[in-house]
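Trainee: I've got a model open and want to practise backing up each label with a value. Can we go through it together?

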Amino acid sequence: EKLFNPPKTKLSLVLILIFSLVFSFLIFKENFKAKWSMIDDHETAYFLGSDKKILFGEIPKLLLKTEVGNYGKALRFRPSYYLVRIVESALWRDNPFLWYFARFVILSIFVFSVTFLVSRYFGLLSGIIFTLFIMTDKYWYDIWARLGPGEIYVVLGLSLYSLSLYKILNDKPKSLLFWLLFLLGGVLAIGSKENMVVLALPAIYLILAYPLIIRENKKGLIYLSLHILFSIFVFIAVFLGVRSSGQNIYGGEIEGSGLLQYIVLGLKSSLTSLNLFFFAILFVSFAILRSKKRIRFVILNKFSVFLISFSYLIYLSQFVFYSGSWPSGWRYDFPGILSKYVFWLFSLHLFSKAIRDCYIFDKVIKNFVVVFSYLFFFGTLLVFVLLRGYSTLVTAQAKNVKYTNLFTENMLTLAREARDKDNRVIVFRADNPWSYEPIFSLGRFLRFEGIKNKIVLDYEDNDLLVRDRLTKQLSESLLSLSR
């Protein structure tokens, strides 16, 4: 039973920190050899320009050139993502190693936060096993083997958000530091990925469910209010853009019937993906309690009940945000898949609380049932860790190193040749709509390297009339540039 007791010594924090750094390094180290990528990294080249630097006074102007300057018109609105990305460009400049090192630090913070938080409910070893398990998911390759995904900043935001929420609820700190971190974490996550607007709900929950904490920290209420207002601000921007366009950024339907269809799909999926076993233990948790104790049990464990409901809501919401095409196996699975695991964890936690509160069994049997359920759950996770491993993530990094080094080398070779013949025109030829980003990327990198040659596009698409809405829009944009 002691194996699952929360660690209370400072040594446990040191052990978690060491584990976080070592584990993160082992699954991330290949990236330190990577260079610039054609996908996403061209924005860094665009921000830096041919002088390869950004003065901090230039940041607002650059920010307004992104979707941030098109409030209510663009289909996306990620103010935090672009602000942090521009600041990073000013700090790390044209050094890919520093960019990847920053992501290693973010990964380490995430690993620390997950291990720390789970250990506070299930013990240190359980926290480590759970962290090892969630990092075996395949979608991580699409986050940690690249520089550009907004999910990287969401990971950091959620880490700060979750750690500070735990401290506020459990330690009730008088300092406003954790309230500020709660606000910053929420703003970073919500402003980096629009489907994180649901993070406004824990802020609302804090205000409604913990009035005494709010009363003792009245300035904390200001931070919570700012957090909620920022969520509304982002939601309205996306809502206006999507309403005027008639579709979301992925070309999905936004009509009422379509949204209802996605919700139904999510409900069906939750019965299998969330695992019926955990719905069963939630039912058992309440069934074994006396009827008079159930309301009291919910009140005493209101945060666990909220987390179970909140994680389920996040899971369902992903089907709406991604128009039913979810999970995808890509970075879009974050944080929806993680919320599934949180649902599992706190269903188990609530079950253990109900067993200990149950009048049917004596103390020995209660402890046996709780310990057995913990051993079975975390033992199963450990088996999956051994079966899955981290080959997908490590292989993706090796490919990223090879691909980025090749692209950077070829781009620099082309730049050298063009620099010697600055009177010649550079022509990009393409016939595929998905060449959209590569075309812009190479052009930006050439300007980044100081190339002043005229660049023109020669594009044709014989399949324009039969393309879907998204690829048709990309193709039409390229055709307009080509003409």
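Mentor: Sure, and keep in mind that this is a predicted model. Let's start with threonine 404, which sits in helix H19 (residues 391-420).

Trainee: Why is threonine 404 called buried?

Mentor: Its relative accessibility is 0%. Buried means under 20%, so threonine 404 counts as buried.

Trainee: What does threonine 404 touch, apart from residues up to four places away in sequence?

Mentor: Ala34, Lys35, Trp36 and Ser37. Take tryptophan 36: it is 368 residues from threonine 404 in sequence, yet their C-alpha atoms are 5.3 Å apart in space.

Trainee: And what makes the pairing of threonine 404 with asparagine 400 a polar contact?

Mentor: The threonine 404 side chain reaches the backbone oxygen of asparagine 400 at 2.7 Å. The cut-off for such a pair of N or O atoms is 3.5 Å, and 2.7 Å is within it.

Trainee: Now serine 20, please. Why is serine 20 called buried?

Mentor: Serine 20 lies in helix H1 (residues 10-28). Its relative accessibility is 1%, so it counts as buried. Beyond its neighbours within four places in sequence, serine 20 is in contact with Ser108, Val111 and Phe112. Serine 108 is 88 residues away along the chain, with 5.3 Å between the two C-alpha atoms. The side chain of serine 20 also reaches the backbone nitrogen of phenylalanine 112, at 3.3 Å.

Trainee: Why does serine 304 count as buried?

Mentor: Serine 304 has 6% relative accessibility, so the buried label applies. You'll find serine 304 in helix H16 (residues 302-321). Neighbours within four places aside, serine 304 is in contact with Phe346, His349 and Leu350.

Trainee: On to helix H12 (residues 218-245). How do you know that its span agrees with what is expected for a helix?

Mentor: Take its 28 residues at 1.5 Å a residue: H12 should span 40 Å. The end C-alpha atoms are 41 Å apart, so the two values agree. Just after H12, glycine 246 takes a positive phi of about 85°.

Trainee: Which helices do the buried residues of H12 pack against?

Mentor: Helices H4 (79-92), H8 (151-170), H9 (177-190), H10 (200-209) and H11 (211-216). The buried residues of H12 include Gly220, Leu224, His227, Phe230 and Val234.

Trainee: Why is isoleucine 232 called partly exposed?

Mentor: Isoleucine 232, also in H12, has a relative accessible area of 41%. Partly exposed covers the range between under 20% and over 50%, so 41% earns isoleucine 232 that label.

Trainee: What makes isoleucine 232 eligible for a nonpolar surface patch?

Mentor: Patch residues need over 30% relative accessible area, and isoleucine 232 has 41%. The patch brings together Tyr71, Ile222, Leu226, Leu229, Ile232, Phe233, Phe235, Ile236 and Phe239, with about 830 Å² of accessible area together.

Trainee: How about H18 (residues 363-388): how do you know that its span agrees with the expected one?

Mentor: With 26 residues at 1.5 Å a residue, H18 should span 38 Å; the end C-alpha atoms are 37 Å apart, so that agrees. Among the buried residues of H18 are Lys366, Asn367, Tyr374 and Phe377.

Trainee: What caps the N-terminal end of H18?

Mentor: Aspartate 362, with a side-chain oxygen 3.3 Å from the backbone nitrogen of valine 364. Just after H18, glycine 389 takes a positive phi of about 65°.

Trainee: Last topic: why is the pair of lysine 167 and aspartate 171 called a salt bridge?

Mentor: Side chains of opposite charge can pair when their charged atoms come close. The cut-off is 4 Å from N to O, and lysine 167 and aspartate 171 meet at 2.4 Å. Lysine 167 has 24% relative accessibility, so it counts as partly exposed, and aspartate 171, at 41%, gets that label too.

Trainee: And are aspartate 142 and arginine 146 buried or exposed?

Mentor: Both are buried. Their salt bridge has its closest N and O atoms 3.0 Å apart.

Trainee: What about arginine 467 and aspartate 461: how far apart are N and O in that salt bridge?

Mentor: 2.7 Å. Arginine 467 is partly exposed because its relative accessibility is 25%, while aspartate 461 is at 12% and so counts as buried. Elsewhere, shared partners join Asp40, Asp142, Arg146, Glu151, Lys193 and Arg331 into one salt-bridge network.

Trainee: How many salt bridges does the count come to?

Mentor: 15.

Technical notes: Residues numbered from 1 in each chain as written. Predicted model: local features only at pLDDT ≥ 70, side-chain atom pairs only at ≥ 80, totals over all residues. Heavy atoms only, no water. Helix = DSSP H or I, 4+ residues; strand = E, 2+ residues; numbered from the N terminus. Buried < 20%, exposed > 50% of the residue type's maximum accessible area, 1.4 Å probe, protein only. Contact = heavy atoms within 4.5 Å. Polar contact = N/O pair within 3.5 Å; in protein donor to acceptor, adjacent residues only side chain to side chain. Expected span 1.5 Å × (residues − 1). Salt bridge = Lys/Arg side-chain N within 4 Å of Asp/Glu carboxyl O. Patch = residues over 30% accessible without salt bridge, like charges linked within 9 Å, V, L, I, M, F, W, Y side chains within 5 Å. Areas by Shrake-Rupley, 256 points an atom, 1.4 Å probe, with all protein chains shown as cover.
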